[in-house]
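Colleague: Could you take me through this one and tell me what sits behind the words you use?

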Amino acid sequence: MEDEKAVQFFEEVLNKTRQHRIRWEPTASDSEFVAPVGGQFTLTLRLSTGASWEGIVRPELVLKDSANREILSVNEKTGLVSPTDLDSVYELARRDALRVDEKVDEVLGQLSKL
Amino acid sequence: MGDFLARNWGSLASVVGLIFSFLAYVFSRRASKAAKEARDLVLSQSLGEDMNQGNRTASEIVTYVSMERGDVALLRAGELQNRTSHILARWSAKLSEQSKNNLLAMREQLRAITEVLTKTPLNTLGAHDKARLAQTCQRVNATYSEEYGAAVRAADRQV
């Protein structure tokens, strides 16, 4: 049951990130992005060596409550979601936070003038 | 004299009672004034005041990072993280969802700032990392300024 909830939570974050409905922000760390949700929770996506069995750097999604308690964490170690989906949500959040698409459009506009 | 007292003790007791009543009234007024002053002091620690103090600390972090005083910036970032938690807990009922989202995001931003400052001394950070840190501190400061403005505006509406 708890696993089902965690999977449901992850899939919802992935879907809403795909739809650009989550306000991902860059942080002082280049491998970490945060987003507040509903005035009560924060989502953090970060690359962590503790997020995989092999000790290699993998994405991890962390949910915190308003009291700053870490209440849920989804990573490769939990085995609940595929590493591909973890990579996808991290990359989508990174692109949103850094406004990659907007900047690429801008570059394309500039390139078209050349 | 004894005869006078014997004849008028009732009237004299009334006068003494009146004096004591007046003194009690004076002292109760003073106590009431002191209580009002204490209450005003507590109320002055309002949401606006909390936001103002947060805004000042955020501004100090920007300054210390630009001066490469990582040790002091780290202290201030820790303080501001705690203040942000305090504001979220104390003023939860008064804050809009947008403000709460801003504060929650700022608390996470400050945690990331403290992690970066703890891991690497500021003067050894690479140019890109330093720029990203400075930008994040600026963003926290700008958001605190906006939240301070919103709190003052809300207080003005109540007057």
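Modeller: Sure, starting with burial: a residue is buried if 20 or more other C-beta atoms lie within 10 Å of its own, exposed if 12 or fewer, and partly exposed in between, with C-beta atoms placed from the backbone. This is a predicted model, where local features need pLDDT of at least 70, side-chain atom pairs count only at pLDDT 80 or more, and totals for chains, interfaces and linings use all residues. Residues count from 1 along each chain as its sequence is written, while chains are lettered from A and ligands numbered from 1 in the order written.

Colleague: Why is strand S4 of chain A called largely enclosed?

Modeller: Six of the seven residues in S4(A) (58-64) are buried, so the rest of the structure largely encloses it. Strands here are DSSP runs of E, at least two residues, and helices are runs of H or I, at least four, numbered from the N terminus.

Colleague: What makes S3(A) and S4(A) a pair?

Modeller: Pairing takes at least two DSSP bridges between two strands. S3(A) and S4(A) have seven and run antiparallel, with Arg46(A) opposite Glu60(A). On to S5(A) (70-75): five bridges join S4(A) to it, also antiparallel, and there Glu60(A) has Asn75(A) as its bridge partner.

Colleague: How do you know that H2(B) has close to its expected span?

Modeller: The expected span is 1.5 Å times one less than the number of residues. H2(B) (47-66) has 20 residues, for which 28 Å is expected, and it reaches 29 Å from first C-alpha to last, so the two are close. Its buried residues include Leu47(B), Met51(B) and Tyr64(B).
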